[in-house]
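Thanks, everyone; I would like to walk through one structure this morning, going from helix to sheet and ending with a few single residues. Please have the sequence and the model open as we go.

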Amino acid sequence: MELPEVEIIVTVLNKKIIGQQIEKVEIFKPQMLERCTTQEVEDNLSGQTITSCIRRGKLILKGMSNGAHLITHPRMTGIYHYYQGYKPPIQQVNKLDNQIKQKMLKSLNFKEIFARSNVTTNKYTRMILYFSRGGKLYYQDKRALGKIFLYRPGEPISALAHLGVEPLTEEFTAKLLKEKLHNCRRQLKPLLLDQRIIVGIGNIYAAEILYHAGISPFKRGNELNDEELWRLVKAAKAILKKAIALRGTHISDFKDPQGEEGEFWKELCVYQQAGNLCSRCGHRIAHTRQQQRSTYFCPGCQAL
Ligand SMILES: [Zn+2]
């Protein structure tokens, strides 16, 4: 998950969970908890109302009425699924297995059956927040590489302490980027992934941003001239905005909390396009590795 996908998750969650009171929390994979135990999560969140849900970089922060914060870092495969248990949409009813359907028809007690049914629980469910009005928020993570942080009321949020600039804010300018990079001898692609400099950009969007800016991923941070810095900032904002508008990139099973897939993968010009011809210059898109990560680029448009 990179900035656009996390932004989409947060936008949907905002409509669903703000103002809802948490009845209880269930953690299925305590290994994903950072700095806390299952019991501490339960103690700090039960009975609290969610007052905010925001994105910072690739993190999702939920603020509670007692001042505690629950933070998730979805990393590769973390997704949320919100489920208003007592009023199932018809397509979800159709997905239920026959046994539950029969039982439902007999008893017509939707509330009880949906409270018990496993329609959205699967082996990748790592956490469930149960709300007092009956909704449930599932956090599912196939590879379980994500992290769940709890910050108790008043505790400084150390997970945010060293994060860099948000690329979609006015603060992110060519001037600021110059200040951040002028002493950096590292190559540009790993620099774009460094969350202490700019937040939210991962491997997919770094490749696309550099392609659209027409800059080599192997160029060093301190080698960029003013015009290149400007092009990089412009490309970063344009690509991230477009990805949000198209609801993200459907790679690594990304779906938003309503189960919808993103469309940005259709727009990918270089990422996972090795061997295809560049639509601008006709060179074949190349693939290599930089610091153990895949790098895709056009040797024509992005020459060193
Ligand atoms: Zn090209």
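In helix α8, the buried residues are Ile204, Tyr205, Ala206, Ala207, Glu208, Ile209, Leu210, Tyr211, His212 and Ala213, where buried is the word for a residue with 20 or more other C-beta atoms within 10 Å of its own, exposed for one with 12 or fewer, and partly exposed for anything in between, the C-beta atoms being placed from the backbone. That is 10 of the 11 residues of α8, so the helix is largely enclosed by the rest of the structure. Helices here are DSSP runs of H or I with at least four residues, strands are runs of E with at least two, and both are numbered from the N terminus.

Before going further, I should say that this is a predicted model, in which local features need pLDDT of at least 70 and side-chain atom pairs count only at pLDDT 80 or more, whereas totals for chains, interfaces and linings use all residues. Residues are numbered from 1 along each chain as its sequence is written.

What covers the buried residues of α8? The cover includes α7 (188-193), α9 and β11 (293-297). Just after α8 comes Gly214, with a positive phi near 70°.

Let me take the partner helix next. Helix α8 (residues 203-213) packs with helix α9 (residues 226-245) at an angle of about 130°, and their axes are 8 Å apart; the axes are lines fitted to C-alpha atoms, for helices over the stretch in contact, and angles run from 0 to 180 degrees between N-to-C directions. The two helices are therefore oblique to each other, given that angles under 35 degrees count as roughly parallel, over 145 as roughly antiparallel, 65 to 115 as roughly perpendicular and the rest as oblique. Their crossing is right-handed, meaning that the near helix is turned clockwise from the far one by less than a right angle, where anticlockwise would be left-handed.

On the α8 side, Tyr205, Glu208, Ile209, His212 and Ala213 meet a set of α9 residues that includes Arg231, Leu232, Ala235 and Ile239, a contact being two residues whose C-beta atoms, placed from the backbone, lie within 7 Å. The residues of this contact divide into 10 nonpolar, one polar and two charged, with Ala, Val, Leu, Ile, Met, Phe, Trp, Tyr, Cys and Pro counted as nonpolar, Asp, Glu, Lys and Arg as charged, and the others, Gly among them, as polar.

Helix α9 also has helix α1 (residues 3-17) against it, with axes that come within 9 Å and cross at roughly 40°. That makes α1 oblique to α9, and the crossing is right-handed. Leu3, Pro4, Glu7 and Ile8 in α1 meet Leu240, Ala243 and Ile244 in α9, a contact of six nonpolar residues, no polar ones and one charged.

From α1 we can move to the sheet, since α1 lies across β3 and β4 (59-64) and runs at about 170° to β3. The sheet is open, with five strands in the order β2-β9-β5-β4-β3 and mixed pairing, where two strands pair if DSSP finds at least two bridges between them. Its edge strands are β2 (33-34) and β3 (50-56), each of which pairs on one side only. The pairing of β2 with strand β9 (residues 147-151) is parallel, over two bridges, and Leu33 has Ile148 in β9 as its bridge partner.

Helix α2 (residues 38-45) lies across β2, β4, β5 (69-73) and β9, at about 55° to β9. Asn44 lies in this helix and is buried, with 23 other C-beta atoms within 10 Å. Leaving aside neighbours within four places in sequence, Asn44 is in contact with Ala68, Leu150 and Arg152.

Elsewhere, strand β6 (residues 78-84) has five of its seven residues buried, so it is largely enclosed by the rest of the structure. This strand pairs with strand β8 (residues 135-141) in the antiparallel sense over seven bridges, and His81 stands opposite Tyr138 in β8.

I will finish with two loop residues. Ala144, in the loop between β8 and β9, has phi near 55°, a positive value in a residue other than glycine, and counts as partly exposed with 17 C-beta neighbours inside 10 Å. Gln292, in the loop between β10 (286-290) and β11, also has a positive phi, near 65°, and is exposed, with 6 other C-beta atoms within 10 Å.
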